[in-house]
Amino acid sequence: MLEILYRDQRLIAINKPAGLLVHRSYYARDVKQFAVQELRNQIGQHVYPIHRLDRKTSGVLLFALDTEMLTEMNTLFNTREVEKEYFAIVRGYTIDRELIDYPLTNDNGVLQEAQTYYETLYRAEIDLPFGQHPTSRYSLVKALPQTGRMHQLRKHFRHIYHPIIGSRPHGCNKQNKLWAEQFDLHQMMLWARGLRFTHPETKQSVSISSSPSDEFQRVCKILNIPLANFIS
């Protein structure tokens with residue numbers, strides 16, 4: 001049963017678990033379960049995904065309940081009138097705050113502008129040797145993507161040499177192997193915490209937030225990150 005975070009007559013949002021595809025994909029033809037079909041069966045009506053989340057990303061996923069609302073919400077996303085908030089755990093100590101302005105190439109080879117603002121919430125160091133270093137350092141960051149390119153956050157944090165833990169292929173394979181061997185971690189530490197926008201019909205402000213996955217909370221405990229301090 002999918003966790004429903006928000007619902008009105010024309011919109012519905014769920015807390016998508018990591019590992020669940022939004023809809024059928026050519027690249028995952030063996031997968032049998034999808035958020036679209038699961039939610040449709042759960043509520044007994046058609047749903048239309050408004051935006052995307054990577055299969056490995058958990059958190060807020062928004063659907064329209066009719067095609068007219070789908071069009072209206074797509075306009076809000078395209079004109080950057082929806083605020084998207086993500087939390088991520090990345091390798092190394094990030095600076096306090098930064099705007100990553102780095103164009104990304106899409107599947108058709110077209111270079112597109114892409115911007116991500118982030119701020120560092122917490123820095124952690126644990127007694128875990130890595131390479132020539134006697135310890136390992138990590139950061140909990142809050143990211144606000146200003147654009148919506150495929151794998152944007154994963155690519156942007158890799159670009160600044162702070163890849164997201166568990167990200168494949170846009171991460172650090174050595175770190176991923178280390179976490180798999182030491183902590184049995186096989187999920188990506190990227191969480192779509194929330195969405196904020198003005199409802200196209202009611203003109204009221206809508207704020208939808210999700211709870212972190214069990215694995216995200218587990219990694220925070222391993223790193224002694226006081227996650228509750230940043231999500232209360």
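**Group meeting: a walk through the predicted chain**

Let's start with one residue, Ile-43: setting aside its neighbours within four places in sequence, Ile-43 is in contact with Ile-4, Arg-7, Ile-12 and Leu-65, where contact means heavy atoms within 4.5 Å. Ile-43 sits in helix 1, residues 35-43. Its relative accessibility is 17%, so Ile-43 counts as buried. For that word, the cut-offs are under 20% relative accessible area for buried, over 50% for exposed, and partly exposed in between, using a 1.4 Å probe and protein chains only.

A quick word on what you're looking at. This is a predicted model, where local features need pLDDT of at least 70 and side-chain atom pairs count only at pLDDT 80 or more, while totals for chains, interfaces and linings use all residues. Residues are numbered from 1 along each chain as its sequence is written, and side-chain values use heavy atoms, with hydrogens and water left out.

Now the whole chain. It has 6 helices and 12 strands; these are DSSP runs numbered from the N terminus, helices being H or I with at least four residues and strands being E with at least two. The radius of gyration is 18 Å, close to the 17 Å that the globule rule gives for 232 residues, so the chain is as compact as a globular protein of that length. That radius is taken over C-alpha atoms, and the rule is 2.2 Å times the number of residues to the power 0.38. If you prefer a box, the C-alpha atoms fill one of roughly 55 × 40 × 35 Å along the principal axes. Of the 232 residues, 48% count as buried. And if you take contacts between residues at least 6 apart in sequence, 63% of them join residues at least 24 apart.

So what's inside? In soluble globular proteins, nonpolar side chains tend to be buried together. Here, the largest nonpolar core has 47 residues, and those with the most contacts inside it are Phe-63, Ile-89, Tyr-138, Phe-157, Phe-216 and Leu-223. Strand 5, residues 83-91, gives the most to this core, with 5 residues. There's also a second, separate core of 16 residues, which includes Leu-62, Met-69, Val-82 and Val-206. By core I mean a set of buried Ala, Val, Leu, Ile, Met, Phe, Trp, Tyr and Cys residues joined through side-chain atoms within 4.5 Å.

On to the rings. The structure holds 6 aromatic pairs. Rings of Phe, Tyr and Trp (its six-membered ring) pair if their centres lie within 6.5 Å; planes under 30 degrees apart are stacked, over 60 edge-to-face, and the rest tilted. One of the pairs is Phe-87 with Trp-191, which is edge-to-face at 5.2 Å centre to centre and 65° between the planes. Phe-87 lies in strand 5 and Trp-191 in strand 11, residues 190-198, so the pair ties together parts that are 104 residues apart in sequence. Both Phe-87 and Trp-191 are buried, and ring pairs link the two with Phe-216 into a cluster. Another pair is Trp-179 with Phe-183, tilted, at 4.6 Å and 45°. Those two both lie in helix 4, 4 residues apart, about one turn of the helix. Trp-179 is buried, at a relative accessible area of 1%.

While we're in helix 4, which spans residues 173-183, have a look at Asn-176. Asn-176 is buried too, at 3%. Which backbone oxygen does the side chain of Asn-176 reach? That of Ser-167, at 2.9 Å. Beyond its close sequence neighbours (those within four places), Asn-176 is in contact with Ile-164, Ile-165, Gly-166, Ser-167 and Arg-168.

Next, helix 3, residues 152-159: 6 of its 8 residues are buried, so the helix is largely enclosed by the rest of the structure. The buried ones are Gln-152, Leu-153, Arg-154, Lys-155, His-156 and Phe-157. What covers them includes strands 5, 6, 7, 9, 10 and 11. Just after helix 3, Tyr-161 takes a positive phi of about 65°.

Last stop, Glu-201, in the loop between strand 11 and strand 12. Buried or partly exposed? Glu-201 is partly exposed, with a relative accessible area of 48%. A polar contact of 3.5 Å joins the side chains of Glu-201 and Arg-10; the term covers N or O atom pairs within 3.5 Å, where within protein one must be able to donate a hydrogen and the other to accept it, and residues adjacent in sequence count only if both atoms are side-chain atoms. Glu-201 and Met-69 are 132 residues apart in sequence, but 8.6 Å apart in space, C-alpha to C-alpha.
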